Amino acid sequence: MWYAKMYFSEGREIFQYDSLGMQGLPSVHEEFPFLESLLSFQELNYEELAPALSEICGNWEKWITQEDRDAVTAAMVKLGELKTQHIYFQLLYTRCYNNISVPHHNDENLQLLAEMQEAAAQLPQYQKQIQRFFELVLDVDSAGREPQSQAARNYTYDMPKDPGLFCFRPIPLSFEPVEPGRCSPVLYSSSIRDMIDYSLRSCVERNITVRRCKNCGRWFPRTGRVSAEYCERPVPKGQQHCRDIGALKQWTLRQAGNDAFKAYRKEYKRRFAWIKAGRITDEAFYAWSEQARAQKKKCDEGTIALEDFQRWLKES
């Protein structure tokens, strides 16, 4: 019987949940970029989550002690809201759903209540421990490029030398086919802590470091170009990824000393304003801009002099 599986595959992290614990097809299958679940968990505002978690635990206790069906319904509704905020909370929802769908002994419900209460109390501590682990082990700019060496330096066996660091424990790992022609370690998680543990140790095992993005300030894993300074973390629909913004910034910086670009940009803005003033049509403007880019390319290549390009811009 299993309720939650988590594994990494080719730059992705995959979560599967089976609400009935039947080991059949998962009722939930979610994919994210590698390490996204841990990083987004780190960004959760615990003060906003605490009232909901407290309400869930209180209603679950009412259901156990008073058989209050309204209370357990309220708990599941609130858990349903939480699981949309972060994939880790899907685990709590799945386990609670199983307990009310399949008859369980009261001791098991009490144990689940104790686990939820502990998780609610420990979430801010986990966030602090993750942050400290980043600083001492994974942050390429402060800890260096060798997570294995940094982890060895900061732990004695499985105990951290710094009490603020995350403490690793045995986790339920398997190794099995996960996709056609591909096997991977698979975490059969029973707690949010297990998923945090698996993510951190996987970074160390793979020598994957993290860095703060120069644009948004969020952490991101360095899984591609080692010199990357801008992230590709998920953004709201319609917004640019930081890496695209960074590429534009770098291009603009390189053009800052380009006199041909400055002349072209100045004339471009002037003529673009003519569209709103009704002095030129869209078609005429875009035809001119295409010709201007061709002339600028000649200037960049040295085919024509800068003065000739500037004269063309004025007279075209």
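In this predicted model, A260 is in contact with K296, C299, D300, L306 and F309, leaving aside its neighbours within four places in sequence. A260 sits in helix 9, which covers residues 259–277. With a relative accessible area of 4%, A260 is buried, because the limit for that class is under 20%. A260 and Q295 are 35 residues apart in sequence, while their C-alpha atoms lie 9.7 Å apart in space.

Another buried residue is S289, which belongs to helix 10 (residues 282–301). S289 counts as buried because its relative accessibility is 2%. Its contacts, once neighbours within four places in sequence are set aside, are Y264 and Y268.

The next stop is helix 2 and what follows it in the chain. N59 is placed in helix 2. N59 has 12% relative accessibility and therefore counts as buried. Not counting residues up to four places away in sequence, N59 touches A71, V72, A74 and A75. Three of the residues that N59 touches, A71, V72 and A75, are among the buried residues of helix 3.

Between helix 2 and helix 3 runs a loop that holds E67. The phi of E67 is positive, at about 55°, although E67 is not a glycine. E67 is exposed, since its relative accessible area is 66% and the exposed class begins over 50%. At the start of helix 3, a side-chain oxygen of D68 comes to within 3.0 Å of the backbone nitrogen of D70.

Helix 3 itself spans residues 69–85 and has 17 residues. From its first C-alpha to its last it reaches 25 Å, close to the 24 Å expected at 1.5 Å a residue. Its buried residues are A71, V72, A75, M76, L79, G80 and L82. These buried residues pack against helix 2 and also against helix 4 (89–101).

Helix 4 has 13 residues, which should span 18 Å at 1.5 Å a residue; the end C-alpha atoms are 18 Å apart, so the two values agree. Because 10 of its 13 residues are buried, helix 4 is largely enclosed by the rest of the structure. The buried residues of helix 4 are F89, Q90, L91, L92, Y93, T94, R95, C96, N98 and N99.

Some of these helices also border an enclosed space. The structure holds one cavity of 30 Å³ or more, and the volume of the largest cavity is about 30 Å³. Its lining consists of L53, I56, C57, L79, L92, M116, A119 and A120. Two elements, helix 2 (46–66) and helix 5 (106–138), give two or more residues to that lining. Among the lining residues of the cavity, L79 is one of the buried residues of helix 3, and L92 is one of the buried residues of helix 4. By class, the lining has eight nonpolar residues, with no polar and no charged ones.

An open space comes next. The largest pocket has a volume of about 420 Å³. Its lining is made up of 19 residues, and E118, Y126, R169, S191 and R193 are the ones that lie nearest its centre. The elements that contribute two or more residues to this lining are helix 4, helix 5 and helix 7 (192–206). Helix 5 supplies the largest share, seven residues. Nine of the lining residues are nonpolar, four are polar and six are charged.

Two loops between strands complete the tour. P26 lies in the loop between strand 2 (12–17) and strand 3 (28–33). P26 counts as partly exposed because its relative accessibility is 26%. Setting aside neighbours within four places in sequence, P26 is in contact with W2, Q16 and Y17. One of these contacts, W2, is 24 residues from P26 in sequence and 9.9 Å from it in space, C-alpha to C-alpha.

The other loop, between strand 4 (155–156) and strand 5 (159–160), contains Y157. Phi of Y157 is near 55°, a positive value in a residue other than glycine. At 81% relative accessibility, Y157 counts as exposed.

Terms used. Residues are numbered from 1 along each chain as its sequence is written. This is a predicted model: local features need pLDDT of at least 70, side-chain atom pairs count only at pLDDT 80 or more; totals for chains, interfaces and linings use all residues. Side-chain values use heavy atoms; hydrogens and water are left out. On a 1 Å grid over the protein atoms alone, a cavity is a set of points where a 1.4 Å probe fits but cannot get out, and a pocket is an open set with protein on both sides within 12 Å along at least five of seven lines; lining residues have an atom within 4 Å of a point. Grid points are joined across faces, edges and corners, and a volume is the space filled by probe spheres set on the points. Helices (H or I, at least four residues) and strands (E, at least two) are DSSP runs, numbered from the N terminus. Ala, Val, Leu, Ile, Met, Phe, Trp, Tyr, Cys and Pro count as nonpolar, Asp, Glu, Lys and Arg as charged, and the others, Gly among them, as polar. The expected span of a helix is 1.5 Å times one less than its number of residues. Buried means under 20% relative accessible area, exposed over 50%, partly exposed in between (1.4 Å probe, protein chains only). Contact means heavy atoms within 4.5 Å. A polar contact is a pair of N or O atoms within 3.5 Å; within protein, one must be able to donate a hydrogen and the other to accept it, and residues adjacent in sequence count only if both atoms are side-chain atoms.
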